[in-house]
Every structure is written in C-alpha cells, then in structure tokens.
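Thanks for coming, everyone. I'd like to walk you through one structure today, a few spots at a time. Let's put it on the screen.

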Amino acid sequence: MRSDLVVIGGGPAGMAAAATALAGGLRVTLLDSGRTLGGQYWRHPAPGSVPTGDHLHHDLTTYRALVDVLDAHRVAGTLDLLLSHHVWTAVADEDGFAVHVLDRSGTAGSEVAEVIRGRQLVIATGAFDRQLPFPGWDLPGVFTAGGLQALLKGNGVAAGSRVVVAGTGPFLLPVATAVADSGARVLAVCEANSPTRWGRRVGAVVRSPAKAIEGAGYAVALARHRIPVRTSTVVVAAHGQARLEAVTLAAVDGVGRVRPGTERRVVVDALGVGWGFVPQLDLAITLGCRLLEWVDGNHVAEVDAGQRSSVAGVLVAGELTGIGGAALALREGQLAGESVLADAGRPPATAPARLVQVRREVERLRAFARAMAEAHPVPQAWTTWVQDDTLACRCEEVPAGRVRAAVAAGASDARQVKQLTRAGMGWCQGRMCGYAATCLAHEGPDGPGDRRPVDGGPTAYAPVERLVATPIPLGALAAEEFEAKGNSAM
C-alpha cells in the first residue's frame with residue numbers, strides 16, 4: 001500500500017510533521033531506527049527497560065501529547081508506525097517515492113529488507129555530534145557530549161565518576177548538569193569560546209526569552225553542583241593506558257591557539273567533547289536536494305518557507321536545515337505537515353492565526369540558532385592541537401601526519417585526501433572524521449592554524465552522496481531484489 005506521506009525520523013520534527021498530516025486526513029507512514037519515538041532529544045530506554053527518569057528530559061508534555069495523537073491514529077489505522085526500521089536509501093518512482101528500509105525489530109540476524117512507498121516524503125533524520133581529533137581522543141572513556149547524554153537517557157548510566165565536559169556551545173550545559181544529577185562529579189565545563197562573542201548578538205537573545213530563561217536555569221544548576229565553567233579553555237590531550245586517566249586543559253586565544261604556560265593536567269575517568277552537530281543529509285543528497293552552506297561550517301538542505309526542498313514532493317525539517325534545537329524542529333515539522341496537506345489539496349490542520357504565529361516563531365528561532373552558531377564557532381586554529389601521530393580517522397587508523405603528507409603531495413580537498421589515505425572509508429563513512437579531514441586538507445602554507453578558504457568562503461565539510469546510507473547485510477539486500485522480481489513464493 002502507498003501512503004500519502006512517508007516521514008523518515010521519529011524525533012520532534014518527524015513527529016510534528018506526521019501529527020499535522022494525520023490531523024488533515026492523510027494516511028502516513030512514520031519510520032524511525034530507534035525502538036521508541038522521540039529521537040535523540042526525547043531518547044527513552046527500550047520498552048521493558050528500567051526507566052531513567054523525567055528529569056533528564058525537557059518539554060515532556062509536548063512529547064506525550066504527540067505520542068497520544070500518533071497512537072490514536074495508529075489504532076485507527078491511518079498511521080503505520082515502523083520502529084527499528086533503518087532507511088538505507090530512497091528514490092523517486094512513478095507515483096512518488098520508494099523508501100528502502102531494513103527492519104531490525106526482530107532478533108539479531110533476522111533483518112528483513114522492505115520497500116515503503118509514499119506520494120510525498122518528509123526527511124527529518126536529525127544530526128550527529130561533530131568531533132575534532134586530539135591526542136588520546138581514541139581512548140576508552142572519551143565520549144562525544146551526545147554520547148554521555150545518550151547513556152544517561154537510554155540506560156541511566158553515568159560514564160564515569162570524575163567527568164569533564166568540553167567543546168563549544170550551549171549543549172554542553174544540559175549534558176554537564178545531567179551527569180552531575182546522576183551522582184558523578186563534573187570537574188569543569190570547558191567552553192572554547194569567550195562569552196564576549198555574545199555581545200553583538202544580544203538582540204537574538206532578547207527576542208527569545210524562553211532561551212534566556214533556560215540558560216538561567218542551567219546556570220543555577222551548575223552553581224548548585226559547584227561546576228566551574230572555564231571559558232576560552234579546551235582539552236588538548238587525553239592520557240591513559242588501557243583507558244582514560246587524565247586530560248590536559250589549556251587556555252586559548254581568540255582563534256584557538258594555546259596560550260603557553262596555561263596547560264593543566266586533571267585526573268578524570270570520563271570526558272565528553274562536543275563541537276556542535278552535523279546534519280544527517282545522506283537521504284536528502286541521494287534524492288538530489290539542493291544544499292547551501294550555513295554559518296556553522298555545515299552544509300544544510302535548502303528549503304522554502306513551507307519546508308519544501310528543491311525536489312518536488314520532498315520536504316525537509318529539523319536539524320537538516322540548520323542546527324537549531326528541538327523547539328525549532330517542532331515548528332518546522334508542523335510547517336512541513338501543513339505544506340504536505342496544501343500540496344495534496346487538503347485544508348490546513350492549523351488555524352490561520354496560529355499558522356502565522358508558527359511562522360514567526362520559526363523566523364525568531366532561526367535567528368537565535370544563527371546567533372548561537374556565530375557565538376560558538378569551531379576555533380580556527382584547532383589543528384594546532386593535533387600532532388602528526390594523532391589519529392585523524394579512527395576507523396582506518398590514519399594519523400594526521402599522513403593527511404598532511406597527502407596535502408603536501410597535492411591533495412586539495414577531503415575527497416582527494418580520502419583517495420590517498422583512506423581517511424573516511426571506514427565504518428562511519430566520514431561521519432566522525434569528515435569535518436576534521438576537510439580542515440586538515442585546507443591548512444595554509446604556514447601550517448596548523450593557518451586556514452585556506454574553501455571556494456572563497458569559510459571551511460565547510462561538504463558531505464558526499466552515499467547510495468547506501470546505513471550498513472545493510474548483503475543477504476537482506478539480495479532477498480529484497482529476489483522479492484521485487486516476483487519470486488517471493490518460490
């Protein structure tokens with residue numbers, strides 16, 4: 001059966017898009033790779049697991065309201081909710097789109113490949129942590145900031161008892177407070193940038209009072225747990241034998257160069273590092289959606305005021321249009337659902353006055369997201385922290401020195417670096433090392449910290465097309481092809 005709409009991603013944007021389209025009378029299929037709805041923002045333990053507590057979540061009222069709506073439509077038969085379904089590619093067909101999925105809802109090794117068809121498509125696949133290599137970043141005990149939070153939300157596990165959270169951006173604050181609430185001691189939050197960068201962006205904060213209130217709440221929580229926030233400070237190295245034992249903190253200047261004599265060693269058993277997020281664009285790229293460069297060094301999907309991409313019938317919502325958080329993702333998902341209804345000739349599900357308000361909220365939240373990205377950039381000179389023997393690509397064990405040698409030999413971008421060194425060819429397919437390889441490939445003639453521009457603009461990681469967006473067993477792929485040829489009864 002072909003649905004009116006297929007939504008890929010069960011986080012805030014996908015849930016809102018599905019709920020809106022369902023309210024307008026459409027038949028919807030909602031796909032997500034997780035075992036529960038909510039995405040990473042509303043990540044919950046698997047059904048039957050020990051609950052981790054509401055204190056780890058924000059805006060659960062909205063989450064539960066959306067779940068109730070979706071459950072009601074699932075019972076009514078207008079929503080097909082397919083969890084533990086991994087989408088590995090999507091293509092246009094004669095009457096919409098064919099979404100190829102791997103059903104992993106059964107026992108291990110029993111994956112089943114299926115094709116889900118829909119007339120329109122909303123892509124709301126979210127983002128993943130952006131990482132920068134540094135000496136020791138491959139030690140057990142070093143996590144992404146999102147990894148620390150995922151362990152808490154999904155398993156109720158604190159990664160360690162003495163923890164440092166480092167990188168840049170407001171996301172470090174909820175991670176640090178959640179880890180402290182779990183009983184661990186958070187020794188510091190290390191913010192690479194100076195708070196003075198917000199001075200020129202006060203207007204965006206004033207127009208978003210809820211964000212200011214949220215920030216004040218984190219400040220109170222940090223004070224309650226006596227967690228120091230060290231600005232213009234980074235982790236330049238992690239130390240240990242079998243696992244993480246200590247980190248070296250250092251103060252940096254405005255471009256990220258270490259201030260000599262400020263290095264300080266701190267004993268820890270867990271480290272969470274976050275440098276923002278990278279949109280999960282694989283499916284949008286495969287479908288041919290036009291991209292543009294955003295202020296945080298990422299490429300994002302270009303959309304119109306109704307979240308329509310450059311490809312007819314494909315809408316994009318949430319972090320794929322620019323990292324902006326859950327509140328923005330919810331509103332973008334709602335707009336995407338309304339656009340689907342309009343394109344299908346259905347009346348809107350949202351009252352006109354409310355719809356105008358939603359559009360204004362999107363504009364305001366996007367302005368705040370841009371201000372946040374401008375205030376918390378990746379330091380330009382971060383490559384000065386990277387020694388030649390530091391692994392740049394962990395999957396293929398490619399050291400930074402080999403990347404630099406490839407650049408010296410003539411490689412001019414990350415793609416050529418990959419061809420010469422295999423950086424980005426491993427299991428993660430460049431998700432962990434792609435941004436770093438791009439930066440290393442554009443070091444200037446003066447070495448680390450001297451950055452050459454890309455296409456006349458700031459260095460940005462340009463994702464490449466992958467026809468297979470997630471690993472899929474060859475047996476499942478062969479079975480799908482076998483069934484497509486009408487041989488399933490044999």
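Okay, let's start with helix α3, residues 145-155: eight of its eleven residues are buried, so the helix is largely enclosed by the rest of the structure. Before I go further, please keep in mind that this is a predicted model. Mean pLDDT for the protein is 89, and 92% of the residues get to 70 or more.

So which residues of α3 are the buried ones? They are A145, G146, L148, Q149, A150, L152, K153 and G154. And what do they pack against? Three strands from the earlier and middle part of the list are β7 (127-129), β8 and β9 (162-167), and then there are α4 (172-181) and β15 (270-274). Right after the helix comes G156, and its phi is positive, about 70 degrees.

Now step back to the residue T144, which sits in strand β8, residues 142-144. Is T144 buried or exposed? Its relative accessible area is 18%, and buried means under 20%, so T144 counts as buried. Leaving out residues up to four places away in sequence, T144 touches D129, Q131, G272 and V273. There's also a link from its side chain to G147: a polar atom of the T144 side chain lies 2.8 Å from the backbone nitrogen of G147.

Next, two serines with a backbone angle worth pointing out. S84 isn't a glycine, yet it has a positive phi of about 55 degrees. You'll find S84 in the loop between β3 (79-82) and β4 (85-93). S84 is buried too, at a relative accessible area of 10%. The other serine is S232, again not a glycine, with a positive phi of about 50 degrees. Look for S232 in the loop between β11 (229-231) and β12 (233-239).

On to charges. Side chains of opposite charge can pair when their charged atoms come close. How many salt bridges does a search of the whole structure find? It finds 19. I'll show you three of them.

Let's take D95 and R119, whose side chains meet in a salt bridge at 3.7 Å, N to O. This pair links distant parts of the chain, 24 residues apart: D95 is in the loop between β4 and β5 (96-103), while R119 is in strand β6, residues 112-123. D95 is partly exposed at 37% relative accessibility, and R119 is partly exposed as well, at 40%.

Then there's E111 with R104, a salt bridge at 4.0 Å, N to O. E111 is partly exposed, with 26% relative accessibility, and R104 is also partly exposed, with 29%.

And here's D304 with R308, where the closest N and O atoms are 3.6 Å apart. D304 comes out as partly exposed at 34%, and so does R308 at 28%. Elsewhere, salt bridges with shared partners join R2, D4, D93, E94, D95, R117 and R119 into one network, so you meet D95 and R119 again there.

One last thing, about confidence. Where does pLDDT stay under 50? That happens over residues 453-459, and for that stretch the model has eleven contacts beyond four places in sequence.

That's my tour. Happy to go back to any of these spots on the screen.

Technical notes
Residues are numbered from 1 along each chain as its sequence is written. This is a predicted model: local features need pLDDT of at least 70, side-chain atom pairs count only at pLDDT 80 or more; totals for chains, interfaces and linings use all residues. Side-chain values use heavy atoms; hydrogens and water are left out. Helices (H or I, at least four residues) and strands (E, at least two) are DSSP runs, numbered from the N terminus. Buried means under 20% relative accessible area, exposed over 50%, partly exposed in between (1.4 Å probe, protein chains only). A polar contact is a pair of N or O atoms within 3.5 Å; within protein, one must be able to donate a hydrogen and the other to accept it, and residues adjacent in sequence count only if both atoms are side-chain atoms. Contact means heavy atoms within 4.5 Å. pLDDT is the predictor's confidence in each residue, from 0 to 100.
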